Amino acid sequence: MIWPPSILRVHIADAQRTRIRLWLPLFIVWPILLIITALLLPVLVLVAMVFYICRLGWLVRAALILPQLLAATRGLRVNINGSGGQIVRVIIQ
Amino acid sequence: MTDSRRKILQMLAKGKITADEAERLLNALNEEQSADQSPDSPTTPAKPKPRFLKLQVREVDGDKVDVQIPLDLLRAGVKLSTLIPKQAQAKVNAKMAEKGIDIDFAQALPDQLNRLIDYLQDMAVNVEEASGSTVRIFCE
């Protein structure tokens, strides 16, 4: 089983030493999202049926792949260090 | 001396088997043991599969770029790309061809694309410019 990412870290700094540091605890979001999804499930099923009738089933299938795509982002790292001291760092753990 | 070898020799000593039979048994035992120790045997631990596609750029002026992309993300992206409506696929193909990537996503099956990702794992690109800048793409 692939676990969804638990922490998102963003660090941006420019040459003038303006810094943005974000530490987002995604592990708090997932249980809330799960509860909301469970509560909205009947509505979501209805919407999915309407989409299939309107020949937009691919949208429903895409929506089903999205959680997998989200979970697969775990381990993504982007680290850019400019020679002038600029930093862009995005880490999904 | 292994137990099996000892038993064969004891059977030979007691006259239960002939010398030829003992030789055949010992040869079979040797083959079995060498097969167990062979690197291709299924008991040999497999090399761990790489999980990330890594891109490293080092510029002479000190710029550094490191990108690590999980291979699972590529696989999920492949799944998503198969859901692109046919009308849009033609436009995507045209734009990709403009960039030099001549792949017909309408024809490429998810299995084929997944196999392509599997083959990426053996790929390593190492570019070194005369100025000293380097680009490395590899899986780890």
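This is a walk through a predicted model, from one chain to the sheet and then to the place where the two chains touch.

Let's begin with chain A by itself. Its secondary structure comes to 2 helices and 4 strands, and reading along the sequence you meet them in the pattern β-β-α-α-β-β. Of the 93 residues in chain A, 3% are buried. If you take the contacts in chain A with a separation of 6 or more, 46% of them come from residues 24 or more positions apart.

Now look for the sheet. As background, strands of a sheet pair through backbone hydrogen bonds, either parallel or antiparallel. Here you will find an open sheet of 8 strands with antiparallel pairing, and its order is β2(A)-β1(A)-β4(A)-β3(A)-β2(B)-β1(B)-β4(B)-β3(B). Which strands stand at the edges? They are β2 (19-25) of chain A and β3 (124-128) of chain B; each has a single partner strand, so one side of each is left without a neighbour in the sheet. On average, neighbouring strands of this sheet are turned by 5 degrees against each other, direction ignored.

It helps to follow a pairing inside chain A. Strand β1 (residues 7-13) of chain A and strand β4 (residues 87-92) of chain A run antiparallel and are joined by 6 bridges. To see one of the matched positions, find A:Val10: its bridge partner in β4(A) is A:Val90.

Helices pack on this sheet too. Helix α1 (residues 26-53) of chain A lies across β1 and β2 of chain A, and it runs at about 45 degrees to β2(A). In chain B, helix α3 (residues 71-81) touches β1 (52-58) and β2 (64-70) of that chain, with its direction making about 60 degrees with that of β2(B).

Where do the two chains come together? In this model, 20 residues of chain B are in contact with 19 residues of chain A. On the chain B side, β2 and α3 are the elements that give two or more residues, and β2(B) gives the most, with 7 residues. By class, this side of chain B has 10 nonpolar, 3 polar and 7 charged residues.

The strand part of this meeting is the pairing of β3 (residues 77-81) of chain A with β2(B), in the antiparallel sense and over 5 bridges. For one example, A:Arg77 has B:Gln68 as its bridge partner in β2(B).

There is a helix part as well. Two packed helices are described by the angle between their axes and the distance between the axes. Helix α2 (residues 57-71) of chain A and α3(B) pack at about 170 degrees, with their axes 9 Å apart. That angle is over 145 degrees, which makes α2(A) roughly antiparallel to α3(B). From α2(A), the contact uses A:Ala62, A:Ile65, A:Gln68 and A:Leu69, and from α3(B) it uses B:Ala76, B:Gly77, B:Lys79 and B:Leu80. These residues divide into 5 nonpolar, 2 polar and 1 charged.

Finally, turn to the largest nonpolar core. In soluble globular proteins, nonpolar side chains tend to be buried together. This core has 6 residues in all: A:Ala72, B:Leu53, B:Ile69, B:Leu71, B:Leu73 and B:Ala76. Among the elements, α3(B) gives the most to this core, with 3 residues. Try tracing the contacts of B:Ile69: leaving aside neighbours within four places in sequence, this residue is in contact with A:Leu76, B:Phe52, B:Leu53 and B:Leu74.

Terms used
Residues are numbered from 1 along each chain as its sequence is written. Chains are lettered from A and ligands numbered from 1 in the order in which they are written. This is a predicted model: local features need pLDDT of at least 70, side-chain atom pairs count only at pLDDT 80 or more; totals for chains, interfaces and linings use all residues. Two strands pair if DSSP finds at least two bridges between them. Axes are lines fitted to C-alpha atoms, for helices over the stretch in contact, and angles run from 0 to 180 degrees between N-to-C directions. Two residues are in contact if their C-beta atoms, placed from the backbone, lie within 7 Å. A nonpolar core is a set of buried Ala, Val, Leu, Ile, Met, Phe, Trp, Tyr and Cys residues joined through C-beta atoms within 7 Å. A residue is buried if 20 or more other C-beta atoms lie within 10 Å of its own, exposed if 12 or fewer, and partly exposed in between; C-beta atoms are placed from the backbone. Ala, Val, Leu, Ile, Met, Phe, Trp, Tyr, Cys and Pro count as nonpolar, Asp, Glu, Lys and Arg as charged, and the others, Gly among them, as polar. Angles under 35 degrees count as roughly parallel, over 145 as roughly antiparallel, 65 to 115 as roughly perpendicular and the rest as oblique.
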